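Me: Please take a close look at one part of this structure. I would like the sheet and the helices described together, with cut-offs.

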Amino acid sequence: MSDAICALFAGQSVQETGMGVELLRNPAARAVIDRLKPSLGADLETLLTTMPDESLALTFNAQRAIHASHVAHWFAYKSAHPGIKLSGAVGHSMGVVAALVAAEALLLEDSGRFIAARAKAFSDCCKAFTEPMGLAAVSADDFNDVVQSADEVPGVCVALWNTRGRGTLGGTLAALEAYAAKARAEDWPVKIKILKVEGPYHTAAFAPAKDALAATLAALEVKAPKVPVFMGTSGKAENDPARIKALLGEQTVACERHLDAVRAAHAAGCRTFVEASFKPQPVTWLPDQLEAGSYKAIALTTAEITASTR
């Protein structure tokens, strides 16, 4: 592959029992997992191989497993394509940490320490909620209409804006159910699905997690990335280490503007988007983000990466 690529990394929700079984057979990937065990925990291989879906879906487990999978896939991909060149990197939600590793702004071990702290901070925040809270995936012809309708229901806000027509609302479960009821009663042209998550990530409800991560971020060494990292918190290319650190903190409470980040990457000249993953996700959203024919999308599964190294 001669084209420079823009690497894509998914956020929380792609975890699945057995997601790392085949990955661990790849020498480059296993070396990454071994390097991450001191920071992400001695149970890391269990998370990636045998942990049941119900337990793996818990925030503390999911974030650690997903990050390990992301960076292990990335290094396995690089091992199979040693001459690969990057034009940029985009991470959806927590996937931005893997994007920073790909862009060489974060060392692998430092990324593990940050994700471990992030997973704990998010998990502790969820445990402290005094009423059930969560997220609802919403799709429409134009997500701008969803943004406007969210203002009509107290306690609901936009948490993630993924494509032209899809995103996620956050709030208390009662408020999200009230939004769904209003949509049905008024026949809004939207589809709504309440997600099985522990909390409304990327909303003000996670302010305690932002505070808890302050010390970790202060000690985190972030270098200038070798290529732009397009962050959903700003929806723009980010190159300044101090700003990247600030955005990693702000990400806990700010709407994830993934659509803007992908469009910014495209506007900056990124044309070949590659996602190497057990279950590629954001690469499948590109048709609802960019104009047809203006980019190339490549989704590589673990099996395809492993086969290319044999």
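Reply: Here is the sheet, followed by the helices.

This is a predicted model, where local features need pLDDT of at least 70, side-chain atom pairs count only at pLDDT 80 or more, and totals for chains, interfaces and linings use all residues. Residues are numbered from 1 along each chain as its sequence is written, and side-chain values use heavy atoms, with hydrogens and water left out.

Six strands form an open sheet in the order β8-β7-β2-β1-β9-β10, with mixed pairing. Strands (E, at least two residues) and helices (H or I, at least four) are DSSP runs numbered from the N terminus; two strands pair if DSSP finds at least two bridges between them. β8 (236-238) and β10 (296-300) stand at the edges with a single partner strand each, so one side of each lacks a neighbour in the sheet. Neighbouring strands are turned by 30° on average, direction ignored.

Inside the sheet, β2 (residues 86-91) pairs with β7 (residues 229-231) in the parallel sense, over three bridges. Valine 90 stands opposite phenylalanine 230 in β7. Helix α5 (residues 95-102) lies across β1 (5-9), β2 and β7, at about 160° to β2. Axes are lines fitted to C-alpha atoms, for helices over the stretch in contact, and angles run from 0 to 180 degrees between N-to-C directions. Contact means heavy atoms within 4.5 Å.

Now the helix pair. The axes of α4 (residues 59-80) and α6 (residues 108-127) come within 8 Å and cross at roughly 155°. That makes α4 roughly antiparallel to α6 (angles over 145 degrees count as such; under 35 is roughly parallel, 65 to 115 roughly perpendicular, the rest oblique). The contact includes Phe60, His67 and Phe75 of α4 and Ile115, Ala119 and Phe122 of α6.
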